[in-house]
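Colleague: I have a structure to go through before lunch. Could you take my questions one at a time?

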Amino acid sequence: MSKRLAWMYWALEAILFAFAGILFFRGIRFAFADMPHFRHQSRLFWVELAYCLPLLWLGVTHVLLHPTSEKRHHHAKIIGAAFLLCLGTLDFVFAIVLWAKGEYQYGDQVFSGAFPLDLMLLDIISVAYGVWLITVRKKNPLTPLEPLVRPAVWRILFQDILFPFFVGISLYFFGGFWVLLKHNNLSSLQDPEIYFLFLALPLFLGYQEYLRLWGKENLSVSTKRIVAWSVFAWAFVLTVWLGIRQALVPSLFVNAWQAYLPLDFMGSLNLAPYLLTLPFLILALKEALSFHHKGQK
Amino acid sequence: MRTHKFIGTFLSLVTLCACQGGTKAYEIKDYRQVLTSTNDTFSILQLTDIHWCYTTKIAHSEEYLTQVFEAAKKEAGHLDLIVITGDSFLGADQAMVTELYRFVNGWGVPFAVTYGNHDKEGDWSREWMNEAIQKGENALSLPYADDGIDGDTNYFIDWSDGNDTVWRIYLLDSNSLTLESPFSYGYDGIHENQVGWMKNVHDTMNDSVPSLGFVHIPPKELAPALQGTASDKSQWILGKQHEKTCQSSVDSSFVQVAKEIGMRGVFYGHDHNNDFVLQDQDGFVMGYGVKSGTELYSYEDPDTHQTLTGGALYTLKKDGAYDLTHLYVDDHEGYAVSSLRKESLR
């Protein structure tokens, strides 16, 4: 793959990431607003689904641009196309029906000025993307993720579970950061947001960098090792710093995170800080340690 | 080298962002609002737990709240103050906040807000919300984020007859959550520096006027008071309990000091399905308001299917007594109104 094409792919994913993050955050917030009884899902579910469709675009696009195996590439096309077509069509139909029944009003400001046309546009794009997937023949060169052969369980744990979870968190907090920017609330950007925004995004983008550069013969393992350990060090320092801040200011998360962790605060639980920090540290440590495996030069 | 520059820039930015502002000293008069009325009574309508969110049908909610307002005006004859005791929002955006306070301001009655535990859960900063509750010619709120006192909505309103203060209304921010263990939160309450502020108000004003307190989360003392009435409901004044109480889990001298400064009672929201009001062993009144609307969750009578929603009315008298009325406005077609009343509480 040429360097120019590689950067174009990276830019495409970055744009999709930003768009998906903004809408994903919005969709999750609507779902949380309907807790605990979810009485309004008949009206809201189709909106939430539409807001999550760009997430599907991002996932499918990522696997297509960086196929790790022939099998994975084939599955991404078939399964991705199926989901895009089905969900896009279903969501479009329900949007039309609910609009006709009066459940949706055009320009309902709770959603947006163009509602529900913007929601339907997301559905149409999903269907079009699904159709394109079925017809496209171009295949990108394989981008293996692991430098060494590992047991499948590690690959499943890190690549198929932890990494998508991490991407979801990154998307959600990027969307939250966008809301802060939109409402000119940067003065309220307090420590937790900094941690997740500045940790999650660079880690994610850094990981994308590995994918893009992997296979380049002139990039030494030692260079990649330094970058990997830098990312882990960054994650570690920020985690410790955040822990110290909360120990000194117990109300830190309550005052700064309430708008971003409604599930935790509705249930009066303090689980999110652990669920969010540990996967990041584990993922970063795993990447760093993978360059120290016996046989690596 | 690029990595070093990036890390350096990042750390600088983080350091700048971590810098917090200092505190400012305010005088007691900065926390005071005065409402002058020469009427024999002063009527307060308490609205609580309105809970606007992304699922709310704003037009319907406004229509309902108008019904509550009109019912209260009819019951009291005149309304002098509206107190909103928190949880006005849960997962909402700035447009909703602006709309609610524009709507309430449009009633033409002075209104005051104290925050609940959910009022931070939305697309706004603390500073923005503090400004929002002060907008409108009828807004009385005096939130201070930089006074070094926990919570922002700590202030008081005096009913004056033109010469002297007749009654005092304290509004205090009961904060939101407090870390009980590394993995769980409990409900917060009135902190000691807020109690100190309240005592300071009383000492500075140096008058022995009767007062009422309005907060969002019930004080911790509710639990023992409730337990004390388990076998004898004679200390119950009115209302019903339909859910477990979720009072503050923090120890605080708030109720003790409230009694010392002559507060007659403290009223709150938070537990939507409860509206009971009782007296503790010292005769101090503690009571829920009535949830104002059916957002999030509310109680509906299984037999009559009427909602336990509406507002609470406090009619203050010049002799230091007050009447308490719970107005129930059913949130179904017709908006049927009923009420429970207790007169001459002291």
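Colleague: Is strand β14 of chain B mostly covered or mostly open?
Modeller: This is a predicted model. β14(B) spans residues 310–317. Buried here means under 20% relative accessible area. The count of buried residues in β14(B) is 8 of 8, so the strand is mostly covered.

Colleague: Which residue of β14(B) stands opposite B:Q46?
Modeller: Strand β2(B), residues 41–47, pairs with β14(B). The sense is antiparallel, over 6 bridges. Opposite B:Q46 in β14(B) stands B:A312.

Colleague: What is the bridge partner of B:L316 in β15(B)?
Modeller: β15(B) covers residues 322–329 and pairs with β14(B). That pairing is antiparallel and has 7 bridges. Across from B:L316, the partner in β15(B) is B:Y322.

Colleague: Which residue in the hairpin of β14(B) and β15(B) takes a positive phi?
Modeller: The hairpin has 4 residues between its strands. The positive phi is near 95°. The residue is B:G320.

Colleague: Which strands stand at the edges of the sheet that holds β14(B)?
Modeller: The sheet is open, with 6 strands and mixed pairing. Its order is β4-β3-β2-β14-β15-β16 in chain B. Two of these have a single partner strand each, so one side of each lacks a neighbour in the sheet: β4(B), 111–114, and β16(B), 337–345.

Colleague: By how much are neighbouring strands of this sheet turned against each other?
Modeller: The figure is an average, with direction ignored. It comes to 20°.

Colleague: Which residue of β16(B) is the bridge partner of B:H326?
Modeller: β15(B) and β16(B) run antiparallel and share 7 bridges. For B:H326, the partner in β16(B) is B:L340.

Colleague: At what angle does helix α2(B) run to β15(B)?
Modeller: Helix α2(B) takes in residues 58–76. It lies across β2, β3, β14, β15 and β16 of chain B. Its angle to β15(B) is about 145°.

Colleague: Which strands does helix α3(B) touch?
Modeller: Helix α3(B), residues 94–105, packs on the sheet. Its direction makes about 145° with that of β4(B). The strands touched are β3(B) and β4(B).

Colleague: Now the 8-strand sheet of chain B. Which are its edge strands?
Modeller: This sheet is open too, and its pairing is mixed. The order is β1-β5-β6-β9-β11-β13-β12-β10. Two strands pair on one side only: β1(B), 32–36, and β10(B), 236–238.

Colleague: Which residue of β12(B) stands opposite B:L238?
Modeller: β10(B) and β12(B), the latter at residues 277–279, are antiparallel. They are joined by 2 bridges. Opposite B:L238 stands B:V277.

Colleague: Which strands does helix α5(B) lie across?
Modeller: Helix α5(B) is residues 192–205. It runs at about 165° to β6(B). The strands are β1, β5, β6 and β11 of chain B.

Colleague: What percentage of chain B is buried?
Modeller: Chain B has 7 helices and 16 strands. The chain holds 346 residues. The buried part is 60%.

Colleague: Which helix gives the largest share of the nonpolar surface patch?
Modeller: The patch covers about 690 Å². Its members include A:F165, A:L269 and B:F183. The largest share is 4 residues, from helix α10(A), 272–289.

Colleague: Why does A:I282 count as partly exposed?
Modeller: A:I282 sits in helix α10(A) and belongs to the patch. Partly exposed lies between the 20% and 50% cut-offs. A:I282 fits because its relative accessibility is 42%.

Methods. Residues numbered from 1 in each chain as written. Chains lettered and ligands numbered in written order. Predicted model: local features only at pLDDT ≥ 70, side-chain atom pairs only at ≥ 80, totals over all residues. Heavy atoms only, no water. Buried < 20%, exposed > 50% of the residue type's maximum accessible area, 1.4 Å probe, protein only. Pairing = 2+ DSSP bridges. Contact = heavy atoms within 4.5 Å. Axes fitted to C-alpha atoms, helices over the stretch in contact; angles between N-to-C directions. Patch = residues over 30% accessible without salt bridge, like charges linked within 9 Å, V, L, I, M, F, W, Y side chains within 5 Å. Areas by Shrake-Rupley, 256 points an atom, 1.4 Å probe, with all protein chains shown as cover. Salt bridge = Lys/Arg side-chain N within 4 Å of Asp/Glu carboxyl O.
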